[in-house]
Structures are given as structure tokens and as C-alpha cells.
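Morning, everyone. Let me put the structure up, and then I will walk through a handful of sites.

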Amino acid sequence: MGGIEAKPWGGRFQEELDKFFEEFSESISFDHELALYEIKASLAYAEALKEAGVLLEEECLAIKKGLLEIEEEIKAGLFLFRKEYEDVHMNIEKALFEKIGEVAYKLHTGRSRNEQVVTDFRLYLADRVKEIKRELKSLMQATVDKAEEYYGVIIPGFTHLQHAQPVLFSHWIMAYYEMMKYHFQRLEDYEKRLKICPLGSSAFAGCAFGIDRKKLAEKLGFIEPTQNSVFAVSSRDFALELLFVLSLIMLDLSRWCEELIIWMSPEFSFIDLPDRFCTGSSLMPQKKNPDGAELIRGKASSVNAAFNQLWGLMKGLPLSYNRDMQEDKPPVFKAVKTTWQCLRLMSLMVSGLILKKENIEKHLSQGYLLATELADYLVSKGIPFRKAHHITGQIVYYAEKEKKSLENLTLSEFKAFCDRIEADVYNWLTIENAIKRREILGGTGFNVVKQAIELAKKELSERFNV
């Protein structure tokens with residue numbers, strides 16, 4: 001059978017499909033990614049048709065046997081996907097026909113490609129989300145390990161990329177643990193909306209052959225069947241929601257990489273990354289470039305673009321299915337793969353990150369990191385904070401002109417600005433004491449950070465299961 005008769009919709013048409021349009025409209029070049037999920041869904045649907053009395057036992061067995069043979073061919077890389085069959089669904093149907101004859105076409109009873117593709121897509125994403133959660137957990141573990149490795153190391157904290165206050169490196173890097181933790185939780189919550197089964201919705205009005213949709217959903221690993229057949233085939237909210245979460249993940253990875261890039265520059269020299277994640281220059285022999293971090297930062301834009309692409313695709317579509325929706329998969333496939341790769345690389349880079357403690361210590365004496373401590377000291381002497389802030393600002397200005405640090409000012413110099421300052425001010429003006437003063441939940445105090453690390457280790461072993 002060839003020509004227009006080879007098309008599943010060919011009966012109504014009398015003219016051969018234009019060859020250029022046939023090439024233009026195929027989707028098998030990308031939706032072949034769904035082939036194994038098409039097999040999985042078809043096996044379950046065949047069983048549902050048998051139980052509904054549509055297929056005889058021997059017909060169901062023949063269909064299942066043929067599908068399993070095709071599955072093995074796909075896994076072995078031996079299956080030939082053909083563009084003239086348009087998509088993954090028709091490629092598998094035609095292959096099944098070649099194996100078992102016309103009984104293969106009974107499998108499509110009450111079923112539409114509109115529901116097939118969205119079922120396959122949801123099954124595909126359920127597996128990909130599991131893989132991304134696994135990589136998120138690995139990155140969270142690498143972050144906690146690094147926080148524990150360098151526990152007690154103090155770095156300058158930044159706001160506006162200016163020296164602000166001293167902070168434990170462990171506290172700083174654990175901020176990224178918190179970000180990844182909430183991304184993990186978002187994916188867990190998202191799975192409740194992803195794992196609903198569209199199969200049985202037919203083209204959009206529902207299957208007319210009385211299949212057991214709840215049993216079908218359970219067999220495929222879904223939580224429940226969809227409640228509205230029009231929604232089932234026409235919504236791509238599940239893909240958009242995932243892209244939004246992936247965009248958030250990549251946004252935070254990009255910020256993190258920006259920080260690594262800055263910290264690895266000679267001007268900072270806070271960290272070093274292993275050679276295996278860096279490259280050099282074809283011209284300048286001395287260069288060691290943090291290309292791994294730069295590439296993750298760059299790839300974040302493509303994941304964000306995927307969200308915008310799918311949002312733009314869907315925003316003007318009436319219910320129910322429209323062929324535009326064929327274009328939903330390429331951006332999602334790419335974004336999922338990119339995010340997975342970036343999470344994997346980020347875990348490797350964080351695990352290999354080295355703190356250059358001697359260089360960091362030099363920066364602790366710069367930028368007047370203890371100015372807030374001085375203002376707080378004045379508050380302890382009964383001075384309202386706004387006035388204490390103003391006095392401290394004057395002292396910092398004076399110290400800058402004199403090229404002195406706050407802790408090196410004499411008591412008489414301090415008293416020139418405020419006569420309530422006594423010798424005990426120097427107890428406030430140490431980096432270590434600044435850390436010790438912040439033993440509050442969520443703060444950078446030594447004890448509370450250690451507790452946060454222990455809590456994270458417990459969460460990783462007990463809470464964040466994949």
C-alpha cells in the first residue's frame with residue numbers, strides 16, 4: 001500500500017500529498033524520542049481493548065508479541081523510522097502491521113494520535129523528571145560536602161558586589177543548597193499534575209468503547225486519569241510548568257557560575273577549579289578559563305527561551321487539539337537534556353572546587369567589613385541605630401582617609417566621634433566575633449551553620465528520595 005492510501009486519514013482525500021509538504025510536516029525526526037513510551041502505552045491499551053471486548057484473546061496476544069519485538073528492535077537501534085509515516089505513532093503501527101497483518105489496525109480502535117502523543121509525552125517527562133531530581137540531589141550532596149570540607153573558613157560577604165559583612169563560606173555555599181532543595185520540592189509537587197493519564201480521551205470527546213480508564217492509568221504508572229477529555233488532548237500546561245521550573249534551576253545555576261567565574265579571576269582569586277573543567281587560549285599560553293561555568297551560564301538562556309517558545313506557541317490556540325502543538329516537543333526535549341547536563345557538570349565542578357584560603361584572608365581586611373559591628377556596638381551603648389549608623393559612617397570616612405582599618409584606630413580617635421566608645425569596642429571589632437554574634441536560626445554563626453549542615457545531611461538521607 002502506498003501513496004495517499006498509506007496515510008491513516010487518506011480515505012477522504014483524492015490528491016497525493018505534496019512531497020515538500022510531507023517533508024515539512026513530519027515529526028518523526030524528533031518524536032522518535034517517544035518510541036518506547038508509545039510501545040508501553042500501546043501494550044496497556046491493547047489489554048484495555050481486550051477487557052472491553054474489542055479484541056479477542058489471540059488478537060491481543062499477537063499485538064503484544066509484535067509490539068515487544070518492535071521494542072527490542074528500537075532498543076537495539078535496528079528500527080528504521082520512516083518520514084513518509086509522519087510520526088512515531090504511525091511508524092510503530094505500520095511496523096506492527098508488517099509483523100502481524102491487519103489485526104494491527106484494531107489497536108487504533110477508539111484511539112487518536114491526539115491522546116497518544118500527550119500520553120507518551122507525559123510518560124517521557126515522568127522519567128526525565130526522575131533523572132533531573134537525581135542530579136539535583138547529587139548537586140545538593142556535593143554542596144553539603146563542600147560546606148563541611150571548608151567549615152570555619154570566613155570570607156567577605158557581598159551585596160552589590162561590594163564588601164559587606166564577614167560570613168562563613170559554608171553559610172554562603174549552603175544558600176545554593178537551599179535553592180536546589182526548593183527546586184527539588186517544586187518537581188515533587190509538579191509530578192502530581194504531570195502523572196495524570198490522557199489515554200481514553202480519544203480525539204477529544206472520549207473513547208466510545210468502554211475501556212477502564214482508571215485501570216489503564218494505574219497500569220501505566222499514572223496517579224489517576226484526566227477528568228476532561230478536551231483538556232487532556234489540548235493542554236500543554238504540564239510541559240510549560242516543567243519548563244518554568246527548569247528555567248528557575250538554570251537561573252540559579254547561572255548565578256552560581258557567575259560567582260565562580262568572578263571568584264576565579266586574579267582580582268579575587270578566592271577559588272580554583274580543576275583543570276579538567278577549564279580550557280586555555282589558542283593564543284595566550286597562560287590562560288586558564290572557567291569554560292565549564294561559562295557554558296552553563298550561557299546555556300541557561302536556551303532553557304529560558306524554550307519556556308518562552310512554548311508559551312508563545314500555546315497562547316493563541318483554541319480548544320482542542322491543533323497541529324501547532326506538534327512543535328511543543330523540540331524545545332522541551334532540548335531544555336530537559338540541557339538542564340540535566342548542566343546539573344551533572346555543576347556537581348562535578350563543586351566537588352572539585354578548591355578554596356584559596358590565604359588569598360581570602362587578605363580580603364578580610366579590606367572593605368570595612370566590621371562597620372556594622374561598630375554601629376551595633378554603639379547601639380549597645382544606648383545610641384539609636386540611625387544615629388549609630390551615621391556616626392559609624394563618619395568614622396569609616398575618617399579611617400579611609402587615614403588608610404587605617406577600624407580595629408587599628410586608637411581609642412582617642414574613636415572618642416573624637418563619640419565619647420561613649422570605650423576600650424571594649426575592640427572586642428567587637430574582630431572577624432571571629434562578628435561571626436559568633438550571629439548564632440540565630442538562618443544566620444552565619446559557627447554553631448548554627450554546623451547545625452544547618454547536619455540538618456541538610458539528614459534531609460539528603462531521609463527526605464529527598466529519587
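Let's start with a lysine. Lys 133 lies in helix α6, residues 113-149. Is Lys 133 buried or exposed? It is buried, because its relative accessible area is 8%, and the cut-off for buried is under 20%. So what does Lys 133 touch, leaving aside neighbours within four places in sequence? Phe 184, Leu 187, Glu 188, Glu 191, Asn 465 and Val 466. Two glutamates are on that list, Glu 188 and Glu 191. Keep in mind throughout that this is a predicted model.

Next, the core. The largest nonpolar core has 142 residues. Which residues have the most contacts inside it? Leu 125, Leu 253, Trp 263 and Met 346. The largest share of this core comes from helix α10, residues 237-264, with 17 residues.

Take Met 346 from that list. Not counting residues up to four places away in sequence, Met 346 touches Leu 139, Leu 253, Trp 256, Cys 257, Leu 260 and Ile 296. Leu 253 appears again here, as a contact of Met 346.

Now α10 itself. Of its 28 residues, 21 are buried, so the helix is largely enclosed by the rest of the structure. What about its length? At 1.5 Å a residue, the 28 residues should span 40 Å. The end C-alpha atoms are 40 Å apart, so the two values agree.

On to the aromatics. How many aromatic pairs does a search of the whole structure find? It finds 19. One cluster, linked by ring pairs, holds Tyr 37, Phe 121, Tyr 124, Phe 238 and Phe 333.

Two of those rings also have a charge over them. The charged end of Arg 128 sits over the ring of Tyr 124, 4.8 Å from its centre. The charged end of Lys 329 sits over the ring of Phe 121, and there the distance to the centre is 5.7 Å.

Now the strands. Strand β1 covers residues 154-159. It is mostly covered, with 5 of its 6 residues buried. Its partner is strand β2, residues 162-168. The two run antiparallel and are joined by 5 bridges. Here are two positions to find on screen. Ile 154 stands opposite Leu 168 in β2. Pro 156 has Pro 166 as its bridge partner in β2.

β1 and β2 form a hairpin, with 2 residues between them. In the turn, His 160 has a positive phi of about 55°. Leu 161 is in the loop between β1 and β2 too. Its phi is near 60°, a positive value in a residue other than glycine. Is Leu 161 buried or exposed? Exposed, because its relative accessible area is 52% and the cut-off is over 50%.

There is another positive phi to show. Lys 403 is found in the loop between α15, residues 385-402, and α16, residues 411-415. Its phi is near 60°, again in a residue other than glycine. Lys 403 is exposed, with a relative accessible area of 74%.

Stay in that loop. Thr 410 is placed between α15 and α16 as well. At 35% relative accessibility, Thr 410 counts as partly exposed. How far is Thr 410 from Ala 371 in space, C-alpha to C-alpha? They are 16 Å apart, with their positions 39 residues apart in sequence numbering.

One backbone item for anyone preparing inputs. Where is the cis peptide bond that involves Ser 320? It joins Leu 319 and Ser 320, and omega is about 5°. Ser 320 lies in the loop between α11, residues 291-314, and α12, residues 329-352.

Last site, Asn 447. Its place is in helix α19, residues 446-462. Leaving aside neighbours within four places in sequence, Asn 447 is in contact with Tyr 151 and Glu 439. Asn 447 and Asn 289 are 158 residues apart in sequence. In space, C-alpha to C-alpha, they are 36 Å apart.

To recap three sites. Lys 133 is a buried lysine in this predicted model. α10 gives the core its largest share. And the cis bond is at Leu 319 and Ser 320. Over to you for questions.

Conventions
Residues numbered from 1 in each chain as written. Predicted model: local features only at pLDDT ≥ 70, side-chain atom pairs only at ≥ 80, totals over all residues. Heavy atoms only, no water. Buried < 20%, exposed > 50% of the residue type's maximum accessible area, 1.4 Å probe, protein only. Helix = DSSP H or I, 4+ residues; strand = E, 2+ residues; numbered from the N terminus. Pairing = 2+ DSSP bridges. Phe/Tyr/Trp six-rings, centres within 6.5 Å; stacked < 30°, edge-to-face > 60°. Lys NZ or Arg CZ within 6 Å of the ring centre and 35° of its normal. Core = buried A, V, L, I, M, F, W, Y, C linked by side-chain atoms within 4.5 Å. Contact = heavy atoms within 4.5 Å. Expected span 1.5 Å × (residues − 1).
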